[in-house]
Amino acid sequence: MALNTPDPKYLFRGDMCSVHCIIFEVTSTVEHFYAGTATGNIHIWDLNTNRELYRITSEKDCCLSLQSLNNDNLLVQHKCSLIKVYKKTESQWIAYKSLNIDFYHYCRFQVSGNEIFVPLKDSTVGMLSSNTFNIELKLNSSKFDNLGEVMVIKPLKNEKLILAGYEGGKLILWDIRQKSILSSLIIETCPMALDFDTALMKGIIGGPSDKIQIFTLSANNLLHDKSKITMKNPGTSAISIRPDAKIVAVGGWDSRVRIFSWKSLKPLAVLDQHKDTVQDITYSTERLKTYDDKCIMATAAKDGYVALWDIYN
């Protein structure tokens, strides 16, 4: 049976070139999204007018990841190992803090509360304080040989735990407080996308092959391999579980976004609007008045487009 192929609600293009990362900013008075590009610039779009409001111009290279500390602070990770913090004023965004982590890589940083988790050299995960912007601790281990570099990081909400996937094919669960390894799991080498659902204690990880791996975390903090999904084409570049845990979206090198039921893993739809590698997938955590008070999914790709989707709401 052919899968559903819905159309996007809107396509944003402008002159963004390759879009690497996107986030929403939604308040009672603002409905915006931010797009970080291969040129290092950040484009801010108004969802009510579908127009670009502002552009943060950077002379640094590729913008790998965007994270919001709150509505007035924007955290930007550049591929050149520079992390910058921008503060919103009445008319513009001003860079007021920066840190060079001395690690040139594609692994995206993650923010959890006041803690910022970053990849460092020598198979190490560093934790920064958003208050001091200093590295407060480092997680590394001599327990495993040939871990390779840190490829993906995922903090577990409401827990002092993080998952880290390594180039050599290992997924490790770290206890931040004890700086110790609680468990590990064999995965494919060079993982590129990871997400985890703390309600179901179930995660999903993918990389260059045509396999997506599903795993679980038991009450005693042990990782277990559960199943694998075989994709039509190799190469997974983005994975995102919707906050309500109804669906999971998987973006690939083949320009497709595949939608699965997160509970049953049944394939539901294939989104084929993009023309090049899908590089990020995110959701509006608040309902958008512009889109009939619905939560919207956004996808960004190497083709320079950002697409908005109203899917399985």
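The following exercises, each with a worked solution, concern a predicted model.

**Exercise 1. Aromatic pairs**

Determine how Phe 12 and Trp 45 are arranged as an aromatic pair, and which parts of the chain the pair links.

*Solution.* The structure contains six aromatic pairs. One of them is formed by Phe 12 and Trp 45, whose ring centres are 5.2 Å apart and whose planes make an angle of 65 degrees. Two rings pair if their centres lie within 6.5 Å, and planes over 60 degrees apart count as edge-to-face. The pair of Phe 12 and Trp 45 is therefore edge-to-face.

The next step is to locate the two residues. Phe 12 belongs to strand β1 (residues 10-12), and Trp 45 belongs to strand β4 (residues 42-46). With these positions 33 residues apart in numbering, the pair links distant parts of the chain. Phe 12 and Trp 45 are both buried. Finally, both residues belong to one aromatic cluster, together with Tyr 10 and Phe 33.

**Exercise 2. Charges over rings**

Identify the rings over whose faces Arg 13 and Lys 202 lie.

*Solution.* For Arg 13, the ring is that of Tyr 305, with a distance of 5.1 Å to the ring centre. For Lys 202, the ring is that of Trp 262, with a distance of 4.2 Å to the ring centre.

**Exercise 3. A sheet of four strands**

State the strand order of the open sheet of four strands, and identify its edge strands.

*Solution.* The order is β10-β11-β12-β13, and the pairing is antiparallel. The edge strands are β10 (110-112) and β13 (135-139), each of which pairs on one side only. On average, neighbouring strands of this sheet are turned by 25 degrees against each other, direction ignored.

The contact between β12 and β13 can then be examined. Strand β12 (residues 124-129) is joined to β13 by four bridges, and the two strands run antiparallel. Within β13, Ile 135 is the bridge partner of Leu 128.

**Exercise 4. Cysteines**

Explain why Cys 107 forms no disulfide, and determine how many disulfides the structure has.

*Solution.* A disulfide requires two cysteine sulfur atoms within 2.5 Å. The closest cysteine sulfur to that of Cys 107 belongs to Cys 190 and is 12 Å away, which is too far for a bond. Cys 107 is also buried, at 1% relative accessibility.

The count of disulfides by this rule is zero. Cys 21 is likewise in no disulfide: its nearest cysteine sulfur, that of Cys 63, is 3.7 Å away. Cys 21 has a relative accessible area of 1% and is buried.

Definitions and conventions: Residues numbered from 1 in each chain as written. Predicted model: local features only at pLDDT ≥ 70, side-chain atom pairs only at ≥ 80, totals over all residues. Heavy atoms only, no water. Phe/Tyr/Trp six-rings, centres within 6.5 Å; stacked < 30°, edge-to-face > 60°. Buried < 20%, exposed > 50% of the residue type's maximum accessible area, 1.4 Å probe, protein only. Lys NZ or Arg CZ within 6 Å of the ring centre and 35° of its normal. Pairing = 2+ DSSP bridges. Axes fitted to C-alpha atoms, helices over the stretch in contact; angles between N-to-C directions.
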